[in-house]
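Thanks for sharing this one with me. Here are my notes, set out point by point so that you can follow them with the structure open.

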Amino acid sequence: MHVAIIGAGPRGLVELQRLVEWQRQTKRFERLQVTVIDPYGVGGRVWQIDQPHALLMNTNPNNVTLFADHTDQITGPIVTGPDLYDWTQRDARDFIVEHAPAQSAALLAEIAEIRPNGFASRSLYGAYAAWFYAYVLKSLPDSVTVRLVQEEVRAVTPQDGQYVVATAGQTLLADKVVMSLGHTEDELSPEQHELARFAQEYGLHYVTPTHPQEYDFTAIQAHATVILRGLGLNFFDAVTLLTQGRGGRYFRGDDGLLQYQPSGREPQIVAGSRRGFPLRAKGVYTTAESDFVGQFVNMDWINSFTEPGSLSGKELLQRVQREIEYAYYQVLLPERYPDADAAALLANFAETGRSDHLIEVANVRPEDQFNFDEQLNPEKKYPYSDQRDVMLAYLTDDVRTAQRGTKEGPTAAALEVLRDIRNDIRAIVERRLLSGDDYYHYILSTFKRADGYLAVGPPDTRIEELRTLVQAGVVTILGPEMAVSFDMQAGRFKTWSKTYPQTQYFADCLVEARLPAINAETTTNPLIRSLFDQQLAHPQAIDVEGDAKKTGAVAIDPVRSQLRPGTVASQGIFFWGVPTEGENWFTTTSPHPDLPDTVIKGADRITAQIFGTVE
């Protein structure tokens, strides 16, 4: 049996270990050969050791692993191992010293100070991935061989019950193929084509959506103006590379506040987005494990729906909002209203689904009541956000909210619910419990926008750094409804806020500060395009009011990770990961310890099919 794994990021590495451990336990094949193929090597494109060390993960190191554990709902063998944090305390130093990566000194300094609920560098996770790969290879059964090919796969073609896997430099024949792909580039939109054409004509610098560790800012001069379109995770990475990456440093002043010492090489950064506010900071974890128990959204409730399309999207979002409110008042009442019978009021809330009784009986002041609309639309609380003092006030409040923690801060506890219920949402999506209309309108539109803003943000330290840069005048954030164009007379890009259009900014550099969109129809990835050309794969489309709406995903069976509509020729191909976002929910994640993890479960399901234990 020869299995080709395309992609050596976390999913591909987990799949490799699943194959090895299944073979060790079952001895199913006389010989099992595994070829792992990735042009970037172990860690894939995102988790390379040699990327800028200042770039951070946005997940705590004790919440990231590549090993299964007792909580995972899998049928294959469980072989436990250290999570990222435990690895730094046990094996990391020896591995880094032995392999001497280019950033050894920085990595060794990092592991000496790392906290379980802090935030590791992405290069450290890359080192963990490299160690994991070496760990798997060190204990291979005699019947298993593994090799790594650092080339890009350009096509997979069925041939007599097997698959020809073609890279730019070679071909190999595999019995099964597991495609574990990440974000891929897209064709430029009409607007992007125009911006690129203008940049070329006038000698400007235009950066299309890509991975932030690959940004090339060498052409940007000190004190030049740079426009960053987007206030998400790529924005924070770009700001880091243009400040710390150019020698700037942060330090604590005598008043305890963070201050910035510029290097003199920084550009002037002007940034914005449609909302006009950066993603919310991750709340600080104050305990190692989550003790979340859903009152309104939980598997008992989900399991009461058995037929596809039987769950109302409106009811789901109402329950999510109640869950968030419940978590908020669970922390707020004991802290600010100690005379109220919190247990009784929360029990009534859980029973009735109404928070108004709780608010009335506890006499919760208006400023203390949870306002979901205000959370989603911060401009309502912070109008005139184009003014520096207003943005500073917002950022200060966000830092304080995050640093109070998910156990002691009411708002941080409330927003943490969006991460706590991810597996519940995944189960609903996988089982197709929502109709096409409801899934498209309530989940892919309303809920996805809210979750993206409130629950996938940067570490609190990044917001604190941004506040310091805004105060220092290094970064200017536009108000809502950012607009970008170009001025042919000036020969420069220009940007402004449609909400506050009185001020315009001009620049020689424009950066699309975001990852490429997940769009199967516009991807330039040659492997995905090859699957489409051979009719082995198709874009996902869902029926919305009688119209076929594309989600951007490659169509798969989310349980079996098999391509849809499914043919005899594609039965040995397994496809999972980021390009299936839409068929699956929230695929941009690494495995988590101490809870049923979807990456571990997905890899085990694929392996079970390869080993012939699943029909």
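The points below go through two helices, the open and enclosed spaces, and two single residues.

1. A word on the model before anything else. This is a predicted model, so please read each value below as computed from predicted coordinates.

2. Let me start with helix α19, residues 598-610. With 13 residues at 1.5 Å a residue, α19 should span 18 Å, and its end C-alpha atoms are indeed 18 Å apart, so the expected and modelled lengths agree. This helix is mostly covered, as ten of its 13 residues are buried. Among them are Val-599, Ile-600, Ile-606 and Ile-610, but Asp-604, Thr-607 and Gln-609 are on the buried list too. The cover over these buried residues includes the helix α1 (10-26) and the strands β1 (2-6), β7 (176-181), β21 (562-563) and β22 (573-577).

3. Both ends of α19 deserve a look. At the N-terminal end, Asp-597 acts as a cap, with a side-chain oxygen 2.9 Å from the backbone nitrogen of Val-599. Just after the helix comes Gly-612, which takes a positive phi of about 75 degrees.

4. Helix α13 (388-404) passes the same kind of length check. Its 17 residues, at 1.5 Å each, should span 24 Å, and the end C-alpha atoms lie 24 Å apart, which agrees. The buried residues of α13 include Val-390, Met-391, Leu-392, Tyr-394 and Leu-395. Further along the helix, Asp-398, Val-399, Thr-401 and Ala-402 are buried as well. Covering them are, among others, α14, α16 (436-454), α17 (460-472) and β13 (475-477). After α13 comes Gly-405, with a positive phi near 95 degrees.

5. Which helix gives the largest share of the lining of the second largest pocket? That is α13, with six residues. The pocket holds about 540 Å³ of space and has 25 lining residues, with Gln-375, Lys-381, Asp-397, Thr-401 and Thr-411 nearest its centre. Two or more lining residues come from each of α9 (313-336), α12, α13 and α14 (410-420). By class, the lining comprises nine nonpolar, six polar and ten charged residues. Thr-401 is worth pausing on: this residue is among the buried residues of α13 and is also one of those nearest the pocket centre.

6. Now to the enclosed spaces. How many cavities of 30 Å³ or more are there? The count comes to three. The largest has a volume of about 100 Å³, and of its 15 lining residues, Thr-184, Ala-517, Ile-518, Asn-519 and Pro-579 are the closest to its centre. Its lining divides into eight nonpolar residues, six polar ones and one charged one.

7. The second largest cavity, at about 50 Å³, brings us back to α17. That helix gives the most to the lining, with four residues, and α7 (233-242) also supplies at least two. The lining includes Phe-236, Val-239, Thr-240, Tyr-250, Arg-462 and Glu-465. In classes, this comes to five nonpolar, two polar and two charged residues.

8. One of those lining residues, Tyr-250, also touches Gln-259. Gln-259 sits in strand β11 (residues 258-261) and counts as partly exposed because its relative accessibility is 32%, between the 20% and 50% limits. Beyond its neighbours in sequence, Gln-259 contacts Arg-249, Phe-251, Gly-253 and Thr-468, along with Tyr-250. The C-alpha atoms of Gln-259 and Arg-249 are 8.5 Å apart, with these positions ten residues apart along the chain count.

9. Finally, is Asp-368 buried or exposed? Asp-368 is buried, because its relative accessible area of 5% falls under the 20% cut-off. This residue is found in the loop between α11 (356-362) and α12 (372-376). Its side chain makes a polar contact of 2.7 Å with the side chain of Tyr-337. Leaving aside residues up to four places away in sequence, Asp-368 touches Tyr-328, Tyr-329, Leu-332, Arg-336 and Tyr-337.

Terms used. Residues are numbered from 1 along each chain as its sequence is written. This is a predicted model: local features need pLDDT of at least 70, side-chain atom pairs count only at pLDDT 80 or more; totals for chains, interfaces and linings use all residues. Side-chain values use heavy atoms; hydrogens and water are left out. Buried means under 20% relative accessible area, exposed over 50%, partly exposed in between (1.4 Å probe, protein chains only). A polar contact is a pair of N or O atoms within 3.5 Å; within protein, one must be able to donate a hydrogen and the other to accept it, and residues adjacent in sequence count only if both atoms are side-chain atoms. Contact means heavy atoms within 4.5 Å. On a 1 Å grid over the protein atoms alone, a cavity is a set of points where a 1.4 Å probe fits but cannot get out, and a pocket is an open set with protein on both sides within 12 Å along at least five of seven lines; lining residues have an atom within 4 Å of a point. Grid points are joined across faces, edges and corners, and a volume is the space filled by probe spheres set on the points. Ala, Val, Leu, Ile, Met, Phe, Trp, Tyr, Cys and Pro count as nonpolar, Asp, Glu, Lys and Arg as charged, and the others, Gly among them, as polar. The expected span of a helix is 1.5 Å times one less than its number of residues.
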